[in-house]
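Okay, thanks everyone for coming. I'd like to walk you through the inside of one protein chain today, so let's get it up on the screen.

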Amino acid sequence: VGDSLNMSFNGKKDTLSLKMNDALYHVKAVLQGSKRAFVVADMPFGSYQDEKSALKNATKLIKAGADAVKFEGGLKAAPIVKRLVGEGINVMAHIGLMPQFVRNEGGYKIKGRSEADEARLIDEAKALERAGAFSAVVEGTLSPVAAKVAKSVQMPIIGIGAGADVDGQVLVWSDMLGFFDEFKPKFVKRYLDGANLVRTAVEAYAREVREKTFPSEEFEYKI
């Protein structure tokens with residue numbers, strides 16, 4: 001249950017204004033349809049600034065039914081990971097391109113372009129694994145670098161915009177199905193032209209209502 005819902009559901013330009021109540025609502029909604037999936041909930045921006053606030057807000061997500069929480073951050077996030085894991089909360093880390101840092105970094109910056117950046121990513125993955133993270137998302141990172149990160153740790157590395165040589169893949173559902181078309185990152189493959197399919201259907205409905213061809217006798221109740 002990603003904080004990207006702030007864009008795909010709430011129509012915002014980034015993830016930063018997502019509120020805790022929004023995250024809780026969507027976790028509960030997803031759980032209505034989840035039979036056996038392991039549900040991970042993103043922690044909104046500002047909800048894990050320190051160990052105390054992180055524990056308070058992560059506990060809310062776990063009580064709502066999430067199996068784990070995920071939040072962004074490298075070495076500085078390791079102590080928070082350790083604290084939450086120590087309290088019995090499963091934590092997925094998130095390194096590489098971190099959308100919650102987009103304003104601070106002046107945009108979406110691809111990671112791993114230098115040797116220093118590569119070394120930092122590997123150090124972050126190792127530190128987060130030592131802190132107790134069971135897995136990590138690596139986003140927006142050069143594919144060869146993401147592959148090295150995956151090989152540097154035992155925990156599964158889930159890629160998004162990080163190439164195929166990782167342990168798993170994630171795409172935002174509305175990107176994958178073509179429902180979110182404000183912009184298209186390079187790494188997104190659209191498996192369905194969802195937005196145009198919906199537009200075409202709605203336009204056809206509106207036209208038939210105006211022309212009074214819907215509802216026809218086929219859709220009417222008769223004595």
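Let's begin with two helices: helix 4 and helix 6 are roughly parallel to each other, because the angle between them is under 35 degrees. The actual figure is about 20 degrees, and their axes lie 8 Å apart. As for handedness, helix 4 passes helix 6 in a right-handed crossing. Oh, and I should say that this is a predicted model.

So who makes that contact? On the helix 4 side you have A78, V81, K82 and V85, and helix 6 brings A127, L128 and A131. Sort those residues by type and you get 6 nonpolar, no polar and 1 charged.

Now let's zoom out to the core. The largest nonpolar core has 43 residues, and the ones touching the most other members are L61, V69, F71, L84, L128, V149 and I157. Plenty of elements chip in with two or more residues, among them helix 2 (20-33), helix 3 (51-63), strand 2 (68-72) and helix 7 (143-152). Which element gives the largest share of this core? That's helix 6, with 5 residues.

Let's pick out F71 for a moment. Setting aside neighbours within four places in sequence, F71 is in contact with M43, Y48, A77, I80, V81, L84, V91, M92, A93 and H94. You may remember V81 from the contact between helix 4 and helix 6.

One last thing to look for: there's a second, separate core of 6 residues, including A68, M92, I158 and I160. And M92 is also one of the residues in contact with F71.

Notes:
Residues are numbered from 1 along each chain as its sequence is written. This is a predicted model: local features need pLDDT of at least 70, side-chain atom pairs count only at pLDDT 80 or more; totals for chains, interfaces and linings use all residues. Side-chain values use heavy atoms; hydrogens and water are left out. A nonpolar core is a set of buried Ala, Val, Leu, Ile, Met, Phe, Trp, Tyr and Cys residues joined through side-chain atoms within 4.5 Å. Buried means under 20% relative accessible area, exposed over 50%, partly exposed in between (1.4 Å probe, protein chains only). Helices (H or I, at least four residues) and strands (E, at least two) are DSSP runs, numbered from the N terminus. Contact means heavy atoms within 4.5 Å. Axes are lines fitted to C-alpha atoms, for helices over the stretch in contact, and angles run from 0 to 180 degrees between N-to-C directions. Angles under 35 degrees count as roughly parallel, over 145 as roughly antiparallel, 65 to 115 as roughly perpendicular and the rest as oblique. A crossing is left-handed if the near helix is turned anticlockwise from the far one by less than a right angle, and right-handed if clockwise. Ala, Val, Leu, Ile, Met, Phe, Trp, Tyr, Cys and Pro count as nonpolar, Asp, Glu, Lys and Arg as charged, and the others, Gly among them, as polar.
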